[in-house]
Amino acid sequence: MTPKDQLDHRTAKEIERFLHSLKDHASRTRESIRSARTRRCSTEPVRAPDVMDWASDTLEDEMQVALVDRLSQQVTQIDAALERLTRREYGICHDCDEFIGLARLKALPFAQRCTRCQTRAEQFKGVRERRRVAAILAIEDED
Ligand SMILES: [Zn+2]
């Protein structure tokens, strides 16, 4: 049995529907944050004079921008998953070509890697991130 046989037609259809509804949800949330931000920017052109207000406004802005970014990223990932579904490559791990597993796909339908490869990828990213931080700290220590 090849990995591709492990996803039957009915399950594939279910996943496709699920992915579409996820994408709708992500797009709608993103658009509502965007339009709320645009509305606020046009109605409140003057910053609150209070420093604390200004700080919390800025923080809220940053959080919203980060959220919009994440939602955009999610939409991209869902699109990629839908494409893999069309190419009949859905559910196959990007790194090891093994079947990702239904439990994981149900929890994270746009997963690109199996749990094992994802953990490894994150560990690798973590190591790189720590090295980067360590490098920055080392530079700052020289002062
Ligand atoms: Zn894998």
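Here is a quick tour of the structure shown above, from the whole chain down to a few residues. Keep in mind that this is a predicted model. The chain has 4 helices and 0 strands, so read along the sequence its pattern is simply α-α-α-α. Of its 143 residues, 10% count as buried.

**The chain as a whole**
- Helices are what you'll find here: the chain has 4 of them, alongside 0 strands.
- Among contacts with a separation of 6 or more, 62% are between residues 24 or more positions apart.

**Helix α2**
- Helix α2 covers residues 51-86, which makes 36 residues.
- From its first C-alpha to its last, α2 reaches 52 Å, close to the 52 Å expected at 1.5 Å a residue.
- Is α2 largely buried or in the open? The number of buried residues is 2 of 36, so α2 lies largely in the open.
- As background for looking at any such helix, an α-helix has 3.6 residues a turn, so residues three or four places apart point the same way.

**The loop between α2 and α3**
- Helix α3 spans residues 102-107, and R88 sits in the loop between α2 and α3.
- R88 follows α2 and has a positive phi, near 60 degrees.
- That positive value is worth a look, since R88 is a residue other than glycine.
- Most residues other than glycine have a negative phi.
- R88 counts as exposed, because it has 11 C-beta neighbours inside 10 Å and the cut-off for exposed is 12 or fewer.
- D97 is also placed in the loop between α2 and α3.
- Phi of D97 is positive too, near 65 degrees, and D97 is likewise a residue other than glycine.
- With 12 C-beta neighbours inside 10 Å, D97 counts as exposed, because 12 or fewer is what that label takes.

**C117 and its surroundings**
- C117 belongs to helix α4, which runs over residues 115-141.
- How exposed is C117, and why? It counts as partly exposed because it has 18 C-beta neighbours inside 10 Å, whereas buried would take 20 or more.
- Setting aside neighbours within four places in sequence, C117 is in contact with C93, D95 and C96.
- C96 is 21 residues from C117 along the chain, and the C-alpha atoms of the two are separated by 7.4 Å.

Technical notes: Residues are numbered from 1 along each chain as its sequence is written. This is a predicted model: local features need pLDDT of at least 70, side-chain atom pairs count only at pLDDT 80 or more; totals for chains, interfaces and linings use all residues. Two residues are in contact if their C-beta atoms, placed from the backbone, lie within 7 Å. The expected span of a helix is 1.5 Å times one less than its number of residues.
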